[in-house]
Amino acid sequence: MPKDSGTHGARALVTGAGGGLGRQIAIDLAMRGVDVAVADLNEKGVDETIALCASSKARLLPVIGDLTADDGPENAVRKVVGAWGGLDILVNNAGYGGIERFLEMTAGLWDRTLAVNVKALALMTAAAGRVMAEQKSGRIVNITSPASRMALPNYTAYAASKAAVDSITRSAAITLAPLGVTVNSVAPGMMDTEMQRSTEAVLARLEGRNDVDAFLDERTRRVPIGRRAEITEVSATVIWLALDAPAYITAERLNASGGLDRD
Ligand SMILES: NC(=O)c1ccc[n+]([C@@H]2O[C@H](COP(=O)([O-])OP(=O)(O)OC[C@H]3O[C@@H](n4cnc5c(N)ncnc54)[C@H](O)[C@@H]3O)[C@@H](O)[C@H]2O)c1
């Protein structure tokens with residue numbers, strides 16, 4: 001973050017910004033005057049996100065690539081620093097989740113889930129953390145999930161991966177606290193995104209439910225606030241941590257889950 005309270009001129013990198021929550025975060029940062037590097041493996045999605053930011057005054061930088069590739073995180077950070085000379089905000093949003101029964105779990109699902117949600121996020125945090133430590137300023141926001149604290153027998157790899165995100169957030173926050181960099185996380189409630197739609201469709205099948213709409217309604221009713229999260233509400237939470245929260249807040253896990261997660 002620039003030392004003053006303004007946001008113009010801050011430089012952000014948002015992973016998984018080719019769609020869903022990441023796209024909304026990129027748009028909201030750009031509308032606040034923050035330059036945004038839009039990172040995703042989905043090139044078309046990145047182009048669409050950049051087009052949606054066109055009315056902002058922010059600079060936009062496409063960062064296309066698979067963050068699980070060797071040097072993927074390092075290359076993404078290097079590209080931003082090469083273009084803009086530094087990095088003030090990292091939002092680790094890219095994620096993957098797959099449904100399978102506990103007793104039928106597969107190595108493939110574990111590998112993909114841990115590679116995206118854990119390994120890439122940790123390496124992104126370290127790569128960005130090195131740049132921010134040098135600058136003596138920066139903010140990192142990781143996207144976790146209420147799943148990290150729930151018993152989810154059909155979603156075990158995802159839930160475990162998000163518990164790892166919580167752990168990495170703590171380690172990174174303690175490492176970077178003396179260096180002027182904060183590290184926090186946001187736990188979003190159920191949002192209507194591509195990930196959520198495909199996950200719940202498979203979950204319904206696995207639970208033998210043909211009445212998918214009724215199944216979704218039941219799940220929504222379990223949210224204490226009585227509805228699903230708007231992507232904009234979750235994005236606003238991320239933006240607050242990235243731009244507006246006091247610099248003394250670090251190692252925090254902020255719930256934007258309508259009461260689903262209440263610690
Ligand atoms: N949707 C929900 O209800 C919900 C709830 C809690 C937490 N979350 C978390 O929010 C974050 C965003 O989820 P979403 O619902 O917007 O998902 P999404 O699937 O709509 O978007 C995720 C984006 O990440 C990108 N991505 C995936 N793997 C990548 C990789 N290896 N390299 C680069 N990009 C990659 C995808 O291309 C996609 O654009 C995730 O971390 C997810 O776990 C979502």
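How many aromatic pairs does the count come to in this structure? Here is a friendly note to read beside the predicted model.

1. **The aromatic pair.** The count comes to 1 aromatic pair. Its partners are Tyr 155 and Tyr 158, and the pair is stacked, with 4.4 Å centre to centre and 15° between the planes. Tyr 155 has 12% relative accessibility, so this residue counts as buried, because buried means under 20% relative accessible area. Tyr 158 is buried too, with a relative accessible area of 9%.

2. **Tyr 158 again, now beside the ligand.** An N or O atom in the side chain of Tyr 158 is 2.6 Å from an oxygen atom of the ligand. Tyr 158 is also among the residues that come nearest to the ligand, together with Asp 40, Asp 66, Met 191 and Thr 193; 28 residues surround the ligand.

3. **Two further polar side chains.** Look next at Lys 162, where a polar side-chain atom lies 2.9 Å from an oxygen atom of the ligand. For Gln 196, a polar side-chain atom also lies 2.9 Å from a ligand oxygen atom. The ligand taken alone exposes 830 Å², and the protein buries 91% of that.

4. **What builds the shell.** Helices H1 (20-31), H5 (156-176) and H6 (194-206) are the elements that give two or more residues to the shell around the ligand. H6 gives the most, with 3 residues. By residue type, the shell divides into 11 nonpolar, 13 polar and 4 charged residues.

5. **A charge over a ring.** Finally, find Tyr 96: Arg 112 lies over the face of this residue, at 3.8 Å from the ring centre.

Technical notes:
Residues are numbered from 1 along each chain as its sequence is written. This is a predicted model: local features need pLDDT of at least 70, side-chain atom pairs count only at pLDDT 80 or more; totals for chains, interfaces and linings use all residues. Side-chain values use heavy atoms; hydrogens and water are left out. A residue is near a molecule or strand if one of its heavy atoms lies within 4 Å of it. A polar contact is a pair of N or O atoms within 3.5 Å; within protein, one must be able to donate a hydrogen and the other to accept it, and residues adjacent in sequence count only if both atoms are side-chain atoms. Accessible areas come from the Shrake-Rupley method with a 1.4 Å probe; for residues, only the protein chains shown count as cover. Helices (H or I, at least four residues) and strands (E, at least two) are DSSP runs, numbered from the N terminus. Ala, Val, Leu, Ile, Met, Phe, Trp, Tyr, Cys and Pro count as nonpolar, Asp, Glu, Lys and Arg as charged, and the others, Gly among them, as polar. Rings of Phe, Tyr and Trp (its six-membered ring) pair if their centres lie within 6.5 Å; planes under 30 degrees apart count as stacked, over 60 as edge-to-face and the rest as tilted. Buried means under 20% relative accessible area, exposed over 50%, partly exposed in between (1.4 Å probe, protein chains only). A charge sits over a ring if NZ of Lys or CZ of Arg is within 6 Å of the ring centre and within 35 degrees of the ring normal.
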